[in-house]
Amino acid sequence: MGRYLVRRLLQLVPVFIGTTLMIYLLVWKVPGDPFAGKCGDRGCPDNYRAMMTEKFQLDQPWFVQYATYMKNLLQGDFGTTWSGRDVGEIIATAYPNTLKLALVALIIEGVIGLTAGVLTGLRRNGFLDNLVLVSTLFLIALPVFVVGFVLQWFFGVKLGIVKPTVSNEMRISELLLPGFVLGSASMAYIARVSRTSIAENRRADYVRTAIAKGLPMRRVVGIHLLRNSLIPVVTLLGTDLGALMGGAIITEGIFGINGIGRTVLRAIVTKESATVVSIVVVLVLVYLVMNLLVDLLYAALDPRIRYE
C-alpha cells in the first residue's frame, strides 16, 4: 500500500502541471487585450499599461510567466488582482462557504440517493421503484437553475418554511435547500447506480450462501450486499465533490451565497485572470486528492482489492 501511495502521488505531479498549464494558457492568452475595459470606454493610459505590464510580466514569454506563477504558487502566493488585492485572501474568504455548501449537498445526495437505491434494488418493479425511477429521471432532465428557482419560490416564498436566501452566518439549516438543489442531479444518478448495483449483487453466490446459512436479512444487506455494492457509489461521491464546488455558480447566485462560484463569475466578467486561474487550480487539487482517496477506499470496501 505504501509503494502504491507513493507511486500515485508521483503520478499527480505531471497531471497537476499539465492541467495548470492548460488553464493558465486558456485564461491568460485567449482573451486578447488584458487591459480591455479596465479603464472605462476611453482605454487605459500608456503609463498605466507600462506599469501593469512590468508588474505582471505581460511582456515576457508565456513560459516565463507560467514558471513565475508556479514558483509563487508553491510558496503559497496566488498572486494579486489588477486592483492589488491578494487572491489568496479572496479564496480564503469564499472557499469555506462553497466547501460547506458542497459538503451539505454531498451528504444529502449520499443519504437520500443511497437509501432510495437500496430500497428499490431490494424490491424492484414495485410502486416505490417506479416512483424513484420517475423522480430521478425528472431531476436529471431539469436544469439546476429551474430546480433552484422552483424550490426557492415554493418553500421560501409561498410556504415560508425557509429563507429564500442564505445569510452571512451560513447556518446548516439555511444550506439544506441550496444543498439539495446543488446535489439534486448527482443524487438521482447515485440512486440509479446503487439500485442497479444492489440488484446485480443480490443474485451473487456469496449473497445466496449467506441467506442459506440463515443469517438475518439485515446482516446480509448491511455487511455482505451493501459493502460490495458501494464501490461505484463511492466513485461518484468522491469525484463529485470537485464537481459540486465548480458547479456551484448557479446555486450560489440563486440563494445569494458568497462562495467560489460567484467569485469566479465576477472574476470572469471583470477579466481578473489571476483569480480565475487560482480558483481553478484549487478545484484541480480537490479533484486529484479526492480521486486518490477513492482509490484507497476501494481496498477498504472490497478485501479482494490489493495495491502493491
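The exercises below, each with a worked solution, concern a predicted model of a protein chain.

**Exercise 1.** Find out in which helix the confidence is lowest and in which helix it is highest.

*Solution.* Begin with the chain as a whole, where the mean pLDDT is 82 and 91% of the residues reach 70 or more. Next, turn to the helices: confidence is lowest in helix H2 (residues 46-55), with a mean of 77, and highest in helix H7 (residues 172-182), at 90. Keep in mind while reading any such model that predicted coordinates should not be read in detail where pLDDT is low.

**Exercise 2.** Describe the largest nonpolar core, and state which helix contributes the largest share of this core.

*Solution.* The largest nonpolar core has 48 residues, and those with the most contacts inside it are Phe16, Tyr69, Leu175, Phe255, Ile257 and Val277. The largest share of this core, twelve residues, is supplied by helix H13, which spans residues 273-301. One can then follow Tyr69 outward: leaving aside neighbours within four places in sequence, Tyr69 is in contact with Tyr24, Phe78, Val277, Ser278 and Val281.

**Exercise 3.** Classify the aromatic pair of Tyr24 and Tyr69 as stacked, tilted or edge-to-face, and decide whether each of these two residues is buried or exposed.

*Solution.* A search of the whole structure finds four aromatic pairs. For Tyr24 and Tyr69, the ring centres are 5.6 Å apart and the planes meet at 40°, so this pair is tilted, since stacked requires under 30 degrees and edge-to-face over 60. The pair links distant parts of the chain, because Tyr24 lies in helix H1 (residues 2-29) and Tyr69 in helix H3 (residues 62-74), 45 residues apart. For burial, the cut-off is under 20% relative accessible area; Tyr24 has 4% relative accessibility and therefore counts as buried, and Tyr69, at 11%, counts as buried too. Together with Tyr66, Tyr24 and Tyr69 form one aromatic cluster.

**Exercise 4.** Carry out the classification for the pair of Phe154 and Phe155.

*Solution.* The ring centres of Phe154 and Phe155 are 5.1 Å apart and their planes stand at 90°, which makes the pair edge-to-face. As for accessibility, Phe154 has a relative accessible area of 32% and is therefore partly exposed, and Phe155, with 28%, is partly exposed as well.

**Exercise 5.** Work out which residues Thr20 touches, not counting residues up to four places away in sequence.

*Solution.* First, locate Thr20 in helix H1. Second, note that its relative accessible area is 1%, so Thr20 is buried. Third, list the residues that Thr20 touches beyond those sequence neighbours, namely Tyr66, Met70 and Val281.

How values were computed:
Residues numbered from 1 in each chain as written. Predicted model: local features only at pLDDT ≥ 70, side-chain atom pairs only at ≥ 80, totals over all residues. Heavy atoms only, no water. Core = buried A, V, L, I, M, F, W, Y, C linked by side-chain atoms within 4.5 Å. Buried < 20%, exposed > 50% of the residue type's maximum accessible area, 1.4 Å probe, protein only. Helix = DSSP H or I, 4+ residues; strand = E, 2+ residues; numbered from the N terminus. Contact = heavy atoms within 4.5 Å. Phe/Tyr/Trp six-rings, centres within 6.5 Å; stacked < 30°, edge-to-face > 60°. pLDDT = per-residue confidence, 0-100.
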